[in-house]
Amino acid sequence: MTEQPTATAGVLDALDAIYRTESRRIFATLVRLLGDFDLAEEALHDAFRAALEQWPREGVPANPRAWLVSAGRFKSIDGIRRQARFTAWDDATAHTDTLADPAPAWHEADPDADALEDDRLRLVFTCCHPALAPDAQVALTLREVCGLATEEIARAFLVPAPTIAQRIVRAKARIRDAGIPYQVPGLAELPERLDAVLRVVYLVFNEGYAASSGESVTRADLSAEAIRLGRLVAELLPDPEALGLLALMLLHDARRAARTSAQGELVLLNAQDRSLWHRGQIGEGAALVERALLSRRFGPYTLQAAIAAVHAEAPEAADTDWPQIVGLYDVLLRIDPSPVAELNRAAAVAMRDGPTAGLALIDALLARGELAQYHLAHGARAELCRRLGRTEDARAAYLQALSLVRQQPERQFLERQLASLPDTKNF
Amino acid sequence: MRYLCLIYGTDAQTSHFSAQGMDHYINEHLDYDAHLQALGKLVAAEALQPAGTAVTVRMRNGKLSVTDGPFAETSEQLGGFYLVKADSEEEALQLAAGIPSARFSSIEVRKAFSISDNGDQGSGP
Amino acid sequence: MKYLCLVHCDEAVLRALPPDERRALNADSMAYDRLLEAAGHFIAAEALTSVSAAKVVQVRQGQRSHVDGPYAEAREQLCGFILVEARDLNAAIQLAGRIPMARYGAIEVRPIEVMEMIENPEGNAA
């Protein structure tokens, strides 16, 4: 058939590689040029189909990305004219004229037409726009920025695909109806808007990180997506908190292999086999934390990452620098007070000063009421009571934790802890 | 001429199957596909995911509306279809009757408007 | 991934359309099939004749029987389908929304179940 079958195979491999690494970037540019998510999606599809057809004959172009963007845009304009009767536009020609204009409205202030990097950032900020419901932000970001299929997102969040599909349809309609601009926010709005982006990224990471068995293969991919997203944001917008979040995710993810035993049981930090930790990721995370801390404009993500870095530095659990950890929690609680951070600080205080000190803090916390429904608070209390030989109190606290826990691996952990308590004679 | 055979059934009809029974049932359908293919009668055949995976789409005044769920909640769900070529309605009914599901389910047979495969125009509306 | 777009409409509503509109709808529908083909989404499609000509077949105890009429009585009946290839459910929804009949009726989008021949079904182990 073809005279040079290996040449064609080489071209197809190249196209495949480009699809895997560049398609979301190209998509982001097409969204800017075409002014519409759905048009851009079809244009992307058409561009790669055109490449599949033409590149084996003509060879891989010198600038494949530019070729694909151009092909997608051309086919879209052409397609809009042919499709005019199938769309809502009253005057398709007016729309195509706008698109054919090299400087359409959305191109706005950015004179650099090759700013593909900025297009990805625009895409992220648009998908995380506060006008969209939080779960819609997550679904839209995963689909449009990360390229996940609706069904993949659904599986990862254990939600039916139609539900995710509706969130995405509504989100796009909202963007259209509210006229949400496709742009990177201005300096004044940036901190708050970046907050929303980081929140989405962290949410995705935690969905992936929390699962420790069963579906964990799929859900580990979610953590990987979050890290990928986190890298993108940190690369394009090296705000200290973006660096801090990336560091936090890398440091937590570095421990993944040690978090579950061969039997699939949860292994807590103090019992993990540290030789299974990913040292490369730890190194990367620690370096990012340093960078973020140096800026002096760091926030909660950076501080949590710094705490994770202190843990990661300790060759064994017994070597952990608890005073430093307590100090970092002190700072964290000053800038971003939360009951959970207080709980974690209390656990660190117990390690630094002994269980009695830690228990006093946890009891005070629980008395305030905010953590009454939080299984980890009761679990932590149980552990400290056990260390103090207060077996009955430990038993009661484990039972309380078990009544609140939802994840199976954590449930099994608590049950093992409960079972390992010494029997008492009186009830 | 082309006919669409729609398979309507319930989970209850096959829920008592053992795993082996279910595998065998699926293989029977795939064998029937191959059989129809060999006869030159098969245009398309697919099993559908359950009704809970469906969405219903409408376009009204330029606005896309999407609702969860199938178009109609029926006691028996649409579980699959065969699109076949047949020279007569009788042949179409025979082909439909040959579908393994026909033993438990109901097969609705609908004639399509398609241009017939020997080139004549199909009957118009 | 494959999706079946089941086109439902009220036959009476269609019959009542002005002839020009009816013709345009038919032309648009066929043109849309071609558009899907050009874009690589099209697998198969048919417009269906009236439900009044439908038959429902069953085989019980080796005996075939049939009754006239559709499986379920309803005002809006299945009047056609398009089997498409799309990236995911949302992409399929977009394709379905632009089916010309979507403006008049409703399109059910159902994912296809992938069936593979099962080698050595349980119980056949050597």
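1. A good place to start is the contact pattern of chain C in this predicted model. Among the contacts in chain C with a separation of 6 or more, 76% are between residues 24 or more positions apart. Burial is a useful companion figure: 39% of the 126 residues of chain C count as buried.

2. Next, the make-up of that chain. Chain C has 3 helices and 6 strands, and reading from the N terminus its elements run β-α-α-β-β-β-β-α-β. Its radius of gyration is 18 Å, well over the 14 Å from the globule rule for 126 residues, so chain C is more spread out than a compact globule. The spans of its C-alpha trace along the principal axes are about 65 × 40 × 20 Å.

3. You will probably want to look at where chain C meets chain B. Chain C brings 43 residues to this contact and chain B brings 45 residues. On the chain C side, the elements giving two or more residues are β1 (2-10), β2 (42-47), β3 (55-60), β4 (63-68), α3 (89-97) and β6 (106-113). Which element gives the largest share of that side? It is β6(C), with 8 residues. Sorted by class, the side of chain C that touches chain B holds 28 nonpolar, 6 polar and 9 charged residues.

4. Strand pairing also links these two chains. Strand β6 (residues 106-111) of chain B runs antiparallel to β3(C), and 3 bridges join them. If you would like one pair to find on screen, B:Ile107 has C:Val57 in β3(C) as its bridge partner.

5. A word on confidence in chain B, please, before anyone uses its coordinates. The average pLDDT of chain B is 88, and 91% of the residues score at least 70. Residues 119-125 of chain B are another matter: pLDDT stays under 50 there. The model has 7 contacts beyond four places in sequence for that stretch. Where pLDDT is low, the predicted coordinates should not be read in detail.

6. Finally, a residue in chain A. A:Arg259 sits in helix α12 (residues 256-259) of chain A. Is A:Arg259 buried, exposed or partly exposed? With 18 other C-beta atoms within 10 Å, A:Arg259 is partly exposed, because a buried residue would need 20 or more and an exposed one would have 12 or fewer. Along the chain, A:Arg259 and A:Leu269 are 10 residues apart, and their C-alpha atoms are separated by 7.6 Å.

Terms used. Residues numbered from 1 in each chain as written. Chains lettered and ligands numbered in written order. Predicted model: local features only at pLDDT ≥ 70, side-chain atom pairs only at ≥ 80, totals over all residues. Helix = DSSP H or I, 4+ residues; strand = E, 2+ residues; numbered from the N terminus. Contact = placed C-beta atoms within 7 Å. Nonpolar A, V, L, I, M, F, W, Y, C, P; charged D, E, K, R; others polar. Pairing = 2+ DSSP bridges. pLDDT = per-residue confidence, 0-100. Rg over C-alpha atoms; globule rule 2.2 N^0.38 Å.
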